[in-house]
Amino acid sequence: MANSASGDSMLDRLVRVLESFDTGRPTQTIADLARRADLPLSTAYRFVGELVERGLLERDESGEVRIGMHLWELTTRGSRALELRRLALPSMGRVQARLREHTQLAVLEGDSALFIERLSGASSGANITRVAGRLPLHASSSGLVLLAYAPAEVRERILAGPLLPVADETITDPDQLRRTLAHVRERGHVRALGSIEHHSLGIAVPVDDGSGRVIAALSAVLPREYPNPDAALAVLVRGAKEITAAIAGREGVAN
Ligand code: PHB
């Protein structure tokens, strides 16, 4: 692929352009995009023009750009995340209906928990999770479950730090994190109190693919004072079993 004067390939630059968008910043000016993607402004204008022409980016009335519908279409086609979401949605809907609190599904992607679905009700409280957004593995309940069952090299890389605090009760000590992960594997769940936000309790359980391999975490974000976390855990455990059954093609047999 053709290289620029700075030596990076066209593909490198294209990836930087796409990665300059995130869930908290869905639209941006071309000047901001150029800065975040580390491109000269003139190159950014040319790139954006070509990407808009192909439907991969869209420009709004104010001139800001966002990810285009055609890019959504291409990335959604046959995506593993979409298939998992399709299989999990009925059970997630039942969990959300029982708890009436945020219910979400995350997978391990790189060194973070990537959220592929979130269901919330009108009465659900605060929650910083976004679909297609990420949370740190050591801080979120989903992340702790994914990390507990992650390949050893991922676990060791995260344990090597830095373990940055997100809230007062985030685990930042590697020994404590190692013990917590061992407990998660022993008990098959985690309760993360005030780890992401002081006023929240995250409860997460692993979802396996039917062969014992953990491929996702199902979690609920509850208010800190939630009256019956044990009952919420039982609902999540049942939901995870149902998702496993759906993945393994055994819908309806989980109990
Ligand atoms: C959690 O998974 O622990 C979690 C996630 C989002 C929040 C709070 C807690 O806003």
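UniProt annotations, whose names are shortened here and whose positions follow the numbering used here, may be inferred rather than shown by experiment. Keep that in mind for the first view, and remember that this whole model is predicted.

**View 1. Two annotated domains, as UniProt lists them.** The unreviewed UniProt entry gives residues 8–69 the label "domain: HTH iclR-type". In the model, that span is 50% helix and 10% strand, and its end C-alpha atoms sit 27 Å apart. The entry also lists "domain: IclR-ED", for residues 70–249. Here the make-up is 42% helix and 23% strand, with 31 Å between the end C-alpha atoms.

**View 2. Meet the six-stranded sheet.** Read across this open sheet and you get the order β5-β4-β3-β8-β7-β6, with antiparallel pairing. Look at the edges: β5 (134–136) and β6 (190–193) each have a single partner strand, so one side of each has no neighbour in the sheet. The sheet isn't flat like a board, either: neighbouring strands are turned by 30° against each other on average, ignoring direction.

**View 3. Strand β3 and the two strands it pairs with.** On one side, β3 (residues 102–109) runs antiparallel to β4 (residues 112–119), and seven bridges join them. Want to trace a few? Leu105 has Glu117 of β4 as its bridge partner, while Glu109 is partnered by Ser112 in β4. Between β3 and β4 there are two residues, making a hairpin, and Gly110 in the turn has a positive phi of about 60°. β3 also pairs with β8, again in the antiparallel sense, over five bridges. Find Gln104 and you can hop over to its bridge partner in β8, Ser219. Is β3 largely enclosed or left open? Six of its eight residues are buried, so β3 is largely enclosed by the rest of the structure.

**View 4. Two helices that pack on the strands.** Which strands does helix α5 (residues 80–99) touch? It packs on the sheet against β3, β4 and β8 (214–223), and its direction makes about 60° with that of β4. Helix α9 (residues 229–247) lies across β3, β6, β7 (200–208) and β8, and it runs at about 30° to β7. While you're on α9, look for Arg238, which lies in this helix. Arg238 has 36% relative accessibility, which falls between the 20% and 50% cut-offs, so Arg238 counts as partly exposed.

**View 5. Helix α7 and its buried side.** Four residues of α7 (residues 152–159) are buried: Val154, Arg155, Ile158 and Leu159. They span an arc of only 130° around the axis, so they end up on the same side of α7. There's a handy rule behind this kind of pattern: an α-helix has 3.6 residues a turn, so residues three or four places apart point the same way. What do the buried residues of α7 pack against? Their partners are α6 (141–148) and α8 (174–187). Just after α7 comes Gly161, with a positive phi of about 80°. And here's a link back to the previous view: Arg155 and Arg238 are 83 residues apart along the chain, and their C-alpha atoms are separated by 27 Å.

**View 6. Where α6 meets α8.** The axes of these helices come within 9 Å and cross at roughly 80°. That makes α6 roughly perpendicular to α8. From α6, the contact uses Leu144, Val145, Leu147 and Ala148, and α8 brings Leu177, Leu181, Val184 and Arg185.

How values were computed:
Residues numbered from 1 in each chain as written. Predicted model: local features only at pLDDT ≥ 70, side-chain atom pairs only at ≥ 80, totals over all residues. Heavy atoms only, no water. Pairing = 2+ DSSP bridges. Axes fitted to C-alpha atoms, helices over the stretch in contact; angles between N-to-C directions. Contact = heavy atoms within 4.5 Å. Buried < 20%, exposed > 50% of the residue type's maximum accessible area, 1.4 Å probe, protein only. Arc of directions from axis to C-beta. Parallel < 35°, antiparallel > 145°, perpendicular 65-115°, else oblique.
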